[in-house]
Amino acid sequence: MKMGDVNGDGMLDTVYLYGQFDGPPGVYADNITLVIHEGRSTKSTTVHLKNDAGYNPRLFLGDFNKDGVPDIMVSMDTGGSGGYRIFYIYSFKSDRLQELFNSDHYDEKYEFEAHYEDYYKVRVESSQLNVSFIIDIGDRGFDYLSQFYDGNGILKNPVQGGVLGIGGLFPINTTNTNNYFDILALQRIIGPTNSDTLGYVENLLTWQDVEFISNRLTVSVFGVNMK
């Protein structure tokens with residue numbers, strides 16, 4: 001439960017997440033439902049989520065679309081080794097429900113591939129976004145690299161990695177001079193196996209007019225110990 005003036009009428013509203021737990025509360029729930037209880041009229045609005053089951057469901061209230069009214073962010077974890085998470089953001093200004101963000105739609109728009117290349121490089125690219133990044137994996141050690149490369153750094157066979165769907169979505173105030181939030185979306189870059197993490201695609205999203213746009217798209221990698 002969170003409280004905030006999500007419809008902009010000057011009165012505090014109460015926002016709830018309801019769900020049915022199969023086990024201890026806070027672990028896994030299904031039939032997760034968003035309910036907005038208006039403070040002035042006492043009317044309730046129920047939102048049935050398309051993806052309504054997960055671990056650790058949670059709420060965050062903050063202004064994402066820059067209209068001066070807090071929006072509603074719903075998050076939950078799907079479990080499993082992929083680290084996938086489900087996210088929705090809704091506006092309820094003037095008692096009108098509007099979906100601002102949906103993690104399914106995000107994954108459809110921001111699809112990436114990862115291809116191993118000669119000389120210990122991995123290319124992360126998206127043809128639909130017309131962007132590519134190069135990760136240097138030359139510091140991964142002989143045992144790892146010798147699986148894929150010969151002694152001259154040439155691939156023995158084609159090797160594919162991958163970029164998973166959205167695994168994190170974080171509200172961020174990037175200026176400290178306003179009261180609205182951007183969001184930082186993370187997607188994990190993996191090698192041939194899911195346990196082989198190469199880095200992350202980081203996408204800073206900012207609301208513009210009627211949708212979130214990519215304000216900064218980068219790839220981050222882990223540091224290594226200096227010798």
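T42 is found in the loop that runs between β3 (28-37) and β4 (44-48). The model is predicted, and T42 has a phi near 65 degrees, a positive value in a residue other than glycine. A second non-glycine residue with positive phi, D95, lies in the loop between β7 (85-91) and β8 (98-102). The points below cover these two loop residues and an open sheet of 4 strands.

**Loop residues with positive phi**

- Most residues other than glycine have a negative phi.
- The phi of T42 is near 65 degrees, and T42 counts as exposed because its relative accessibility is 52%, where the cut-off for exposed is over 50%.
- D95 is not a glycine either, and its phi is positive at about 65 degrees.
- D95 has 35% relative accessibility and therefore counts as partly exposed, the class between under 20% (buried) and over 50% (exposed).

**The open sheet**

- The strand order is β12-β13-β14-β15, and the pairing is antiparallel.
- The edges are formed by β12 (162-172) and β15 (211-220); each has a single partner strand, so one side of each is left without a neighbour in the sheet.
- On average, neighbouring strands of this sheet are turned by 25 degrees against each other, direction ignored.

**Pairing of β14 with β15**

- β14 covers residues 197-208 and pairs with β15 in the antiparallel sense over 9 bridges.
- Within this part of the sheet, Y200 stands opposite S220 of β15.

Conventions: Residues are numbered from 1 along each chain as its sequence is written. This is a predicted model: local features need pLDDT of at least 70, side-chain atom pairs count only at pLDDT 80 or more; totals for chains, interfaces and linings use all residues. Side-chain values use heavy atoms; hydrogens and water are left out. Buried means under 20% relative accessible area, exposed over 50%, partly exposed in between (1.4 Å probe, protein chains only). Two strands pair if DSSP finds at least two bridges between them. Axes are lines fitted to C-alpha atoms, for helices over the stretch in contact, and angles run from 0 to 180 degrees between N-to-C directions.
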